[in-house]
Protein chains: 2
Amino acid sequence: MTSQDELNSTLLPAETEVALERAAESAHRHELLFSERAANIKQSAVRDVFDISIRPGLVSLAGGSPYLKSLPLQELGVTAGKIIAEHGLEALQYGGGQGMEQLRRQICEVMAAEGIMDADPADIVITTGSQSAQDVAAKVFCDPGDVILCEDPTYVGALNTFEAYQVDVQAIEMDEQGLVPEKLEQRIAELLAEGRRIKLLYTIPSFNNPSGITMVADRRQRIVEICRAHNILVLEDNPYGLLRFDGHPLPPMRADNPDDVIYLGSFSKIFAPGVRLGWALVPRHLHRRFYLACEAVVLCPSPLTQMLVSAYLSEYDWKGHLANTRAQYSERCSTMLGALAEHLPEGASWTTPDGGFFVWVTLPDGVDTYPLLYQAIDAGVVFIPGAAFTPSDEPSNKLRLAFSAVSPEDIEEGIRRLAPILKTAIAESA
Amino acid sequence: MTSQDELNSTLLPAETEVALERAAESAHRHELLFSERAANIKQSAVRDVFDISIRPGLVSLAGGSPYLKSLPLQELGVTAGKIIAEHGLEALQYGGGQGMEQLRRQICEVMAAEGIMDADPADIVITTGSQSAQDVAAKVFCDPGDVILCEDPTYVGALNTFEAYQVDVQAIEMDEQGLVPEKLEQRIAELLAEGRRIKLLYTIPSFNNPSGITMVADRRQRIVEICRAHNILVLEDNPYGLLRFDGHPLPPMRADNPDDVIYLGSFSKIFAPGVRLGWALVPRHLHRRFYLACEAVVLCPSPLTQMLVSAYLSEYDWKGHLANTRAQYSERCSTMLGALAEHLPEGASWTTPDGGFFVWVTLPDGVDTYPLLYQAIDAGVVFIPGAAFTPSDEPSNKLRLAFSAVSPEDIEEGIRRLAPILKTAIAESA
C-alpha cells in the first residue's frame with residue numbers, strides 16, 4: 001500500500017473534508033492571481049542543497065559559508081551586550097533608510113583597503129546583504145525583457161533575483177583571465193542588432209563565484225570602457241576581494257570609474273553573514289533612486305547589527321582577523337587542490353583560485369553533473385552542479401566545490417568520496 | 001555675492017572640471033537606463049519628516065516609533081551577549097530562507113494571543129520587517145496596471161512599495177467603523193466593468209495607520225466574503241493588534257479565513273523595530289512562491305536578531321511588557337485627546353482610537369495641511385500631512401498625530417504649538 005493509498009483510505013472527519021475542499025478550491029482560484037514575474041521565481045539549487053547539507057555525517061562542499069571560528073565570539077558578545085545596554089534606544093529603534101553615517105564612513109575605509117580611494121559616505125546605501133542591492137538594481141533599471149549581461153558562470157542568487165524581474169540574463173564566456181572582452185563586444189553587437197535593451201553587466205571580477213577565476217587588470221578597464229561605449233552600467237559585486245591569499249591585489253573596476261560602476265560590498269565574508277549587511281556605492285547621479293528603492297523594500301537596515309559591525313570595525317583588529325581567515329582559506333584551498341590532483345580521474349580539470357571560496361571542476365563534454373549530485377549524497381558528500389550557475393537550462397559538465405567552511409581533513413575525505421563517482425561518470429561517457 | 005556666484009568664480013583645477021563634465025555626461029546617458037517602475041519610486045513624506053524631526057527642541061508628533069524605554073535593556077544586552085558567545089557560529093552564519101523553526105513556532109503563540117488559533121509554523125515566512133512582506137506581496141501578485149485596493153487613508157510605506165511595482169492603488173472610503181463594505185463593492189464593480197484586474201485588498205483593520213480607526217467585527221467577515229466572491233486576496237497588516245488599550249479585542253480577519261487572507265505581523269511594535277523582523281502567515285497553496293520571492297530578495301532574515309527575539313519571547317515576560325506599554329500608550333493617547341479638546345479651534349475634529357499609535361485630525365474642507373507643516377516646524381512641532389496617506393495627489397485637509405514616542409508633557413506642548421497654526425488656517429479658509 002503506497003502512502004497515497006493510505007491517505008485515500010483514511011476516513012476524514014466531515015469538517016476536515018470540507019476544509020480540504022475549500023483549500024483546494026482556493027488554490028485553484030488563486031492560481032490566476034500570480035503576477036507574470038512570479039512564474040520566474042524559482043528555488044535556488046544552492047538553497048535546495050543547503051537543506052540537505054546539514055545532515056549529520058555528510059561532508060558539504062556545497063555551501064559558500066564563511067569560516068567564523070576565528071571570530072572572538074566572547075568579546076563580540078560583550079560588545080553586543082554593551083550596545084543594547086548603553087545604546088539600546090537607538091539600536092532597537094527605527095533608523096535612517098540609507099544606513100548609519102558612522103558605518104558608511106567606515107565602509108569607505110574598507111573600500112580604501114580594496115583600492116577605492118574616493119568614496120563619499122553620502123553615495124553609499126547600506127543594504128540587507130548585498131543580495132538586497134542586487135534586487136534593487138534589477139528593480140530600478142530593468143523592465144521585463146531588458147537584458148543583464150553576466151559571466152558564465154555566475155552567482156546563482158543574482159540569477160534568481162534578476163529573473164524574478166523578468167530580466168533576460170545573458171551569460172558571456174570566461175577564460176582563465178576572466179570575462180572575455182571580445183565575446184562581450186560580440187554579444188552586445190548581436191543583442192543591439194536584435195533591438196534589445198541592455199541595462200547592466202553584472203560581474204564578480206575577483207574570485208568569481210562559482211569559478212574562483214579573477215579578471216586580469218587590463219581586462220577590467222577594457223570591459224568598463226566597452227560598457228561605457230554602449231551605455232551599459234557595470235554592477236560590480238566584490239564580496240571576496242579582501243580574501244586574496246595568492247598573487248597581487250587588483251583595484252576594483254569601480255576604482256578609476258566612479259560614474260559607470262555600481263559597486264557592491266558585503267560584510268558576509270569579511271565579518272559575518274548573520275548580521276545581513278552589505279552596501280552599494282552608487283554614482284551620485286543614480287544614488288537617490290537607488291536609495292529610495294532600498295527604503296521601499298525594508299525601510300531601514302537593522303541599527304542593531306549596523307552598530308555591531310561598526311564597533312567591530314573600530315574596536316577590533318579586523319584586518320588581523322582577515323589575515324587569519326585568509327591563511328585558513330589558503331590552507332583549505334591547497335588541501336582541496338592537492339586532493340583533486342591525487343584523487344580525480346583523467347579527464348577532469350579545475351581552476352586554481354588566488355582567493356575566495358571556490359574551485360570549479362570541469363568534466364568531459366557530455367557528462368551531466370546534476371544526476372551525480374544524488375550519487376554523491378549517497379556517498380556522503382555534497383557539491384553544487386554547474387547548471388545552477390548559468391541562466392540556460394542545458395545540462396552542465398561542471399561542478400562547484402567550496403573549501404571555505406570545511407576543515408582540511410573533511411575536504412580530503414569529501415574529495416575521496418567524490419572521486420569514484422566522477423570516475424564512473426567519465427568512464428561511462430567515453 | 002550668492003553662493004552660486006562664489007562657485008562660478010572659483011577657478012577649478014582642470015582635472016576637477018573634467019571629472020564634473022564626465023559625471024554630468026554620465027548622468028545624462030544613464031537617465032535612459034531607469035526602468036519604467038523607477039519613475040514611481042518616490043520619497044515617503046514620512047521619511048522626509050523623519051529627518052527633520054530629530055532636530056533638537058522640536059516636538060515630533062510625526063514618526064510612528066514605538067516606546068522602548070520600558071524594555072529591560074540591561075538584561076537584553078546580557079541575552080544578546082550570551083547568544084553570540086555561546087551560539088555565535090549559528091547566530092552570525094547564514095540561516096534558512098524561511099526563518100528559524102523555533103521562532104516560527106513562537107510566532108504561532110503570538111498570533112494565538114491575537115485570536116489566530118490554527119497557524120502552522122510551516123506556513124510562516126519570517127521577513128525583514130513586514131515592509132519586506134508587503135514588497136513581496138506586490139512582487140508575487142501584481143503585474144503593472146493591476147489594482148490593489150486599500151483603505152483611505154492607509155500606511156504610506158505600503159503605498160510606496162506597491163507603486164514601485166506600477167500597481168494602481170485604489171483607496172476606498174472609511175468611516176468610524178472602518179472600511180465601508182458598500183463602497184468596496186461599488187468600487188470593485190466599477191473596476192471590473194472597466195476590465196481591470198484586482199489582485200489584493202490591503203487593510204490595517206486594527207488601529208489603522210494613520211487614522212487610528214478599527215474595523216468592526218461584522219464588517220471584517222463581510223469584507224473577506226466580498227473579496228472572496230471576486231477572487232481578491234486580503235492582505236491583512238496587523239502590527240498594532242496587541243496594542244489595544246480600550247474596548248474589546250477582535251479576532252483578525254485571518255482567524256476564520258485561512259485560505260483567503262495573507263496575514264502580516266511584526267515585532268517592531270510589540271518588541272523593537274531595530275531587529276527588523278516581521279512575518280507573513282500565507283495560505284498553504286500560496287506559500288511556496290511567497291517564500292521563494294522573499295529568499296530572492298534577502299537570502300535569509302538575520303539569525304542573530306531572530307535568536308534575540310526568540311529569547312525575548314521565551315525568557316522574558318513579553319506579555320507583561322506589552323501590558324506596560326499599552327498603559328503608556330493609553331495615557332499618551334488620553335493626554336493628546338485632552339489637549340486637542342482644550343486647544344484646537346472649532347472646525348477641527350479627530351478620531352478616538354482604542355489602540356495603536358495615531359490620532360487623525362480633520363480640518364474644514366479647503367484647508368491644505370501640507371503648507372501648514374512648514375509653519376509647524378517653525379513653531380517647533382512636526383506632524384505628517386494627510387496627503388501622504390492616499391494614492392491621490394489631491395491636497396488633504398487631514399493630518400496624522402502620533403502619540404507613541406512622545407512624553408505626555410511634550411504631547412501637551414506640541415498641541416499647544418500646533419493649535420494657533422490650525423486656527424489661523426481655518427480662519428483664512430472660511
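Which residue of chain B forms a salt bridge with A:Glu31? Hold that thought for a moment, everyone, and good morning.

What I have on the screen is a predicted model, with chain A and chain B side by side. The partner of A:Glu31 is B:Arg289, and the closest N and O atoms of that salt bridge are 3.8 Å apart. The cut-off for a salt bridge here is 4 Å, so this pair falls within it. Across the interface of the two chains, the rule finds 6 salt bridges.

Let me step back and show you how the two copies are arranged. Turn chain A by 180°, with a shift of 0.0 Å along the axis, and it can be laid on chain B with an RMSD of 0.0 Å. That is the relation of a two-fold axis. If you would like to find the axis by eye, look for A:Gly81: in chain A, its C-alpha is the one nearest the axis, at 2.4 Å.

Now, the interface itself. Each side brings its share: 93 residues from chain A and 93 residues from chain B take part in the contact. Of the interface residues of chain A, 100% are also interface residues in chain B, so the copies meet through the same surface. Together the chains bury about 8200 Å², and 57% of that is on carbon and sulfur atoms.

There is plenty of polar detail to look through as well. The rule finds 44 residue pairs in polar contact across this interface, with both residues at pLDDT 80 or more. Which parts of chain A give two or more residues to the side that touches chain B? Among them are helix H2 (14-30), helix H4 (73-91) and helix H10 (284-298), and there is a strand too, S6 (198-203). By residue type, that side of chain A divides into 48 nonpolar, 25 polar and 20 charged.

Let's leave the interface and count over all chains: the structure holds 42 salt bridges. One I'd like you to click on is in chain B, where the side chains of B:Arg196 and B:Asp168 meet at 2.8 Å, N to O. B:Arg196 sits in the loop between helix H8 (181-193) and strand S6 (198-203), while B:Asp168 is in strand S4 (residues 168-175), so the pair ties together parts that are 28 residues apart in sequence.

Next, a bit of backbone geometry. Most residues other than glycine have a negative phi, and most peptide bonds are trans. With that in mind, come to the loop between S6 and H9 of chain A, where you will find A:Phe207. Phi of A:Phe207 is near 55°, a positive value. A:Pro210 is found in the loop between S6 and helix H9 (217-229) of chain A, and the peptide bond from A:Asn209 to A:Pro210 is cis, with omega near 20°. Over in chain B, the bond from B:Asn209 to B:Pro210 is cis, again with omega near 20°.

Last, the annotation. UniProt, in an unreviewed entry, lists residues 89-418 of chain A as "domain: Aminotransferase class I/classII large". In the model, that span is 42% helix and 17% strand, and its end C-alpha atoms lie 52 Å apart.

Thanks for listening, and I'm happy to rotate the view for anyone.

Key:
Residues are numbered from 1 along each chain as its sequence is written. Chains are lettered from A and ligands numbered from 1 in the order in which they are written. This is a predicted model: local features need pLDDT of at least 70, side-chain atom pairs count only at pLDDT 80 or more; totals for chains, interfaces and linings use all residues. Side-chain values use heavy atoms; hydrogens and water are left out. Copies are superposed by least squares on the C-alpha atoms of residues with pLDDT of at least 70 in both. Contact means heavy atoms within 4.5 Å. UniProt positions are given in the numbering used here, feature names are shortened, and annotations may be inferred rather than shown by experiment. Helices (H or I, at least four residues) and strands (E, at least two) are DSSP runs, numbered from the N terminus. Buried area is the accessible area (1.4 Å probe) that two parts lose on being put together, summed over both. A polar contact is a pair of N or O atoms within 3.5 Å; within protein, one must be able to donate a hydrogen and the other to accept it, and residues adjacent in sequence count only if both atoms are side-chain atoms. Ala, Val, Leu, Ile, Met, Phe, Trp, Tyr, Cys and Pro count as nonpolar, Asp, Glu, Lys and Arg as charged, and the others, Gly among them, as polar.
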